[in-house]
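Hi everyone, thanks for coming. I'd like to walk you through one structure today, starting with a single residue and then stepping back to the whole chain. Here it is on the screen.

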Amino acid sequence: KYPDAPLMAVGCSMGGMILFNYVARTGEKCPLTAAMVISMPWDGNDSAVSLEQPLNRLIFNKTMVDGLKKDLRFNRELFDNDERVDVDYVLQSSTVRELDDRFTIKMFGFESVNQYYTAASPCHKIHRVKIPLLSLNSVDDVFAPFYNRHIAAIKKNPNIALVLTSHGGHVSFGDWLSPTR
């Protein structure tokens, strides 16, 4: 109906990583006019370390792994005969990193979790973004911890605008919820 309308995309969390990686991979040939990523982890290794901190491991990591293992049990017949993975071993995982080590890297041909996380991490592709991209992150996001070491590279790319809030956690951004405001 609107063939000349500008095409834009928004991705949240891991969807933001997928979108960012697409924008970086397509570079100048990206068909999007602009993109926005919300609560996107800039570095997969940093995210894994953050999620393994004692409280985060108990509250967030366990819940994520339990959900992933539930999905695997539901779809088990798809993987039981796949020689790349030992489903019973995968189902013993207690962290996202363990599950990625036992399942994800095997399914997608990575040599290690570190190699996989590095390949997926937008922080290594900042220079390849050639369209306007807005990134909204919160400093207190345990899934997407933001460290100042990425700011210099982001500042060098005029196509990226970074908005950092002091609060918001993971896709919440509810400063207005504070009873002191």
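Let's begin with Asp141, and please keep in mind that this is a predicted model. Asp141 touches Ser39, Gly169 and His170, leaving aside residues up to four places away in sequence.

Where along the chain does Asp141 sit? You'll find Asp141 in the loop between β3, residues 133–138, and α7, residues 151–156.

And is Asp141 buried or exposed? Its relative accessible area is 2%, and the cut-off for buried is under 20%, so Asp141 counts as buried.

Now look at what the side chain of Asp141 has around it. One of its polar atoms lies 3.1 Å from the backbone nitrogen of Ala144.

Okay, let's zoom out. The protein has seven helices and four strands, and if you read along the sequence, they come in the pattern β-α-β-α-α-α-α-α-β-α-β. Measuring along the principal axes, the C-alpha trace spans about 45 × 45 × 35 Å.

How much of the protein is buried? Of its 181 residues, 43% count as buried. As for the outside, the protein exposes about 10,700 Å², with carbon and sulfur atoms supplying 58% of that.

Two more items for the whole chain. Among contacts with a separation of 6 or more, 69% come from residues 24 or more positions apart. And on charges, there are 20 positive and 20 negative, with mean positions 6 Å apart.

That's my tour, so over to you for discussion!

Methods:
Residues numbered from 1 in each chain as written. Predicted model: local features only at pLDDT ≥ 70, side-chain atom pairs only at ≥ 80, totals over all residues. Heavy atoms only, no water. Helix = DSSP H or I, 4+ residues; strand = E, 2+ residues; numbered from the N terminus. Buried < 20%, exposed > 50% of the residue type's maximum accessible area, 1.4 Å probe, protein only. Polar contact = N/O pair within 3.5 Å; in protein donor to acceptor, adjacent residues only side chain to side chain. Contact = heavy atoms within 4.5 Å. Areas by Shrake-Rupley, 256 points an atom, 1.4 Å probe, with all protein chains shown as cover. Lys, Arg positive; Asp, Glu negative; His and termini not counted. Charge placed at Lys NZ, Arg CZ, Asp CG, Glu CD.
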